[in-house]
Amino acid sequence: MLHNLSTLCVSIWYMLISAYTVLQTDCPIPNFDLFDDEEWSVMPDGTSSSCSPAQHGDDTEITSVNVFTKAFAKHGKVWFARSIWSQCRATQKGRQFTNDMWRDEVLKGLKTFNGFCSFSFRRHSVTLCQGKKIRSLTVFRCEGYCKFSTCDVTFNCQVTRDLRLLVKFKGEIHHLLSEKSSRYITGAERESLKTTLKNKLPRLHYLEKLSELDAETRQSGCRDSCPSKAVLKKIRYESRKIKTPHDNVWLSLEKIKEEQCKCSLENATLQVIMLDPPGAIFYSKRSMEILHAVCKRDILYIDATGGVILGQERCYAYELVIRHPIQGNPPFAAATLISWSHNIPSISHFINTVWNAQRKLFPARSFPPLVMCDGSMALINAIIISLFKESLRSYLLRCWEIVTGKRNTSFVHEPFLHLCASHFMKNAKRLVRKT
Ligand SMILES: [Zn+2]
């Protein structure tokens, strides 16, 4: 009995402590009762706020050299766009909207009164009734806070039956000058940015948006309209992400190859999928025709780059490049190898595969009079072995005989390898610096 009594006392004590802790939290629970209409002022046309940030021109009070503060209207009303409301209602599930369009609309209203805080939402709620069945004055409610660590601004918004967005703030703007914050970009704004960043550098877009910020907003640290370069890079990556038929890269490649074969062999570009070393070879029938025609009289360039995918396991892209048959056009890549290995067997396999494909289409031999590559020993060896059909030693001996005049037979029709002058000078510079 005594034991039960002591347990009960301890439980009551914990309940009291918990209740006290809740009361002491910095996060006030907003009252969702409709705001007193006396508090709200509205512009004559009903579309503008009762007080815009611009009206507080010289109210900025810097209480400390490290802090930004600003007076602003604590309440106001604007219209909630009827078209957005209808679209949000169409996605309603229970008391929640499932799309983010309402966020953009509410944020637009909040920014009318306070353009210096970066807002985040805690929760929202929509009435279940539709049309004439709506009896309450309020059809939508949401609340949130400013994301700046030192700012205690919170907001509470309500949408009335006639689609007026009532905004009520609590707290004062108090931002550290060293802190920057921006809201999460969602919905239509993210989609719009994806389109913009498809053909625009994130850094350029960032600098443009930064230059558009006024001095006060820049000082406040709010970057809602100017997302960071990292965020822009992520959105650009999303915009460039290609939908694949399968999550597994190899199954995805197989499916792409099957689809290509079903559609048209003429236009198929994915030709070989390699598992070990992992990679893929791309060329088409048309690119082989062009390669065959140009190779008879022009230089063949073979180059590689290791900067295809940064920050992951190194992936190389090799290309057989020729001059475009039509003057004034950029160089033409006749075949491409994507590979995770940079060695003689994998490059030789690539060159042999392409030349075999060419030979199947055109029995007459087509051979470039000159091949050009950088100083990579793997590339040099692979070209000499697979294209010239000789070893590096015998090729160097042939070159030595020609240079010293010891070679009696004609060498005009024999293939030659040139190293790119730019790469050669770069390598020479690096070697000189080393010594
Ligand atoms: Zn704030």
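Helices and strands in this talk are DSSP runs, of at least four residues for a helix and at least two for a strand, numbered from the N terminus. With that in place, take Ser376, which sits in the loop between S15 and H11. Ser376 counts as partly exposed, with 17 C-beta neighbours inside 10 Å. Its C-alpha atom is 9.3 Å from that of Leu419, although 43 residues separate the two along the chain.

Before going on, a word about what we are looking at. This is a predicted model. The mean pLDDT of the protein is 80, and 83% of its residues reach 70 or more. Residues 1–62 are another matter: the pLDDT there is below 50, and the stretch has 50 contacts in the model beyond near neighbours in sequence. Where pLDDT is low, the predicted coordinates should not be read in detail. I will leave that stretch alone.

Now the overall count. The protein has 13 helices and 16 strands. Of its 435 residues, 23% are buried. Taking contacts with a separation of 6 or more, 62% are between residues 24 or more positions apart.

Back to the helix that follows Ser376. Which residues of H11 are buried? In H11, residues 377–386, they are Leu379, Ile380, Ala382, Ile383 and Ile384. An α-helix has 3.6 residues a turn, so residues three or four places apart point the same way. The buried residues of H11 pack against three strands and two helices by name: strands S12 (299–305), S15 (370–373) and S16 (416–419), and helices H10 (344–361) and H12 (392–404).

Let us take H10 from that list. The axes of H10 and H11 come within 9 Å and cross at roughly 45°. Parallel, perpendicular or oblique: what do we call that? Angles under 35 degrees count as roughly parallel and 65 to 115 as roughly perpendicular, and H10 is therefore oblique to H11. The crossing is right-handed. On the H10 side, the residues that meet H11 are Ile344, Ile347, Ser348, Ile351 and Asn352. On the H11 side they are Ala378, Leu379, Asn381, Ala382, Ile383, Ile385 and Ser386. By class, that contact of H10 with H11 has eight nonpolar residues, four polar and no charged.

H10 has another partner, H9, residues 285–295. The axes of H9 and H10 come within 10 Å and cross at roughly 85°, which makes H9 roughly perpendicular to H10. Lys285, Met288, Leu291 and His292 of H9 make the contact with Ala357, Gln358 and Leu361 of H10. The contact of H9 with H10 divides into four nonpolar, two polar and one charged.

A third pair lies elsewhere in the sequence: H5 (residues 202–212) and H7 (residues 229–240) pack at about 130°, with axes 9 Å apart. That makes H5 oblique to H7, and the crossing is right-handed. Pro202, Arg203, His205 and Tyr206 of H5 meet Lys229, Leu232, Lys233 and Arg236 of H7. In the contact of H5 with H7, four residues are charged, three nonpolar and one polar.

Next, a strand residue. Leu337 is in strand S14, residues 332–339. Is Leu337 buried or exposed? The cut-off for buried is 20 or more other C-beta atoms within 10 Å; Leu337 has 24, so it is buried. Leaving out residues up to four places away in sequence, Leu337 touches Gly279, Ile281, Tyr318 and Phe350. For Tyr318, 19 residues away along the chain, the C-alpha atoms are separated by 5.0 Å.

Last, some backbone oddities. Most residues other than glycine have a negative phi, and most peptide bonds are trans. Leu163 has a positive phi, near 65°. Leu163 is in the loop between S7 (154–160) and S8 (164–170), and is partly exposed, with 14 C-beta neighbours inside 10 Å. Lys389 also has a positive phi, near 55°. Its place is the loop between H11 and H12, where Lys389 is exposed, with 9 other C-beta atoms within 10 Å.

And where is the cis peptide bond? It joins Asp276 and Pro277, with omega about 0°. Pro277 lies in the loop between S10 (270–275) and S11 (278–282). That is the end of my list.

Notes. Residues are numbered from 1 along each chain as its sequence is written. This is a predicted model: local features need pLDDT of at least 70, side-chain atom pairs count only at pLDDT 80 or more; totals for chains, interfaces and linings use all residues. pLDDT is the predictor's confidence in each residue, from 0 to 100. Two residues are in contact if their C-beta atoms, placed from the backbone, lie within 7 Å. Axes are lines fitted to C-alpha atoms, for helices over the stretch in contact, and angles run from 0 to 180 degrees between N-to-C directions. Angles under 35 degrees count as roughly parallel, over 145 as roughly antiparallel, 65 to 115 as roughly perpendicular and the rest as oblique. A crossing is left-handed if the near helix is turned anticlockwise from the far one by less than a right angle, and right-handed if clockwise. Ala, Val, Leu, Ile, Met, Phe, Trp, Tyr, Cys and Pro count as nonpolar, Asp, Glu, Lys and Arg as charged, and the others, Gly among them, as polar. A residue is buried if 20 or more other C-beta atoms lie within 10 Å of its own, exposed if 12 or fewer, and partly exposed in between; C-beta atoms are placed from the backbone.
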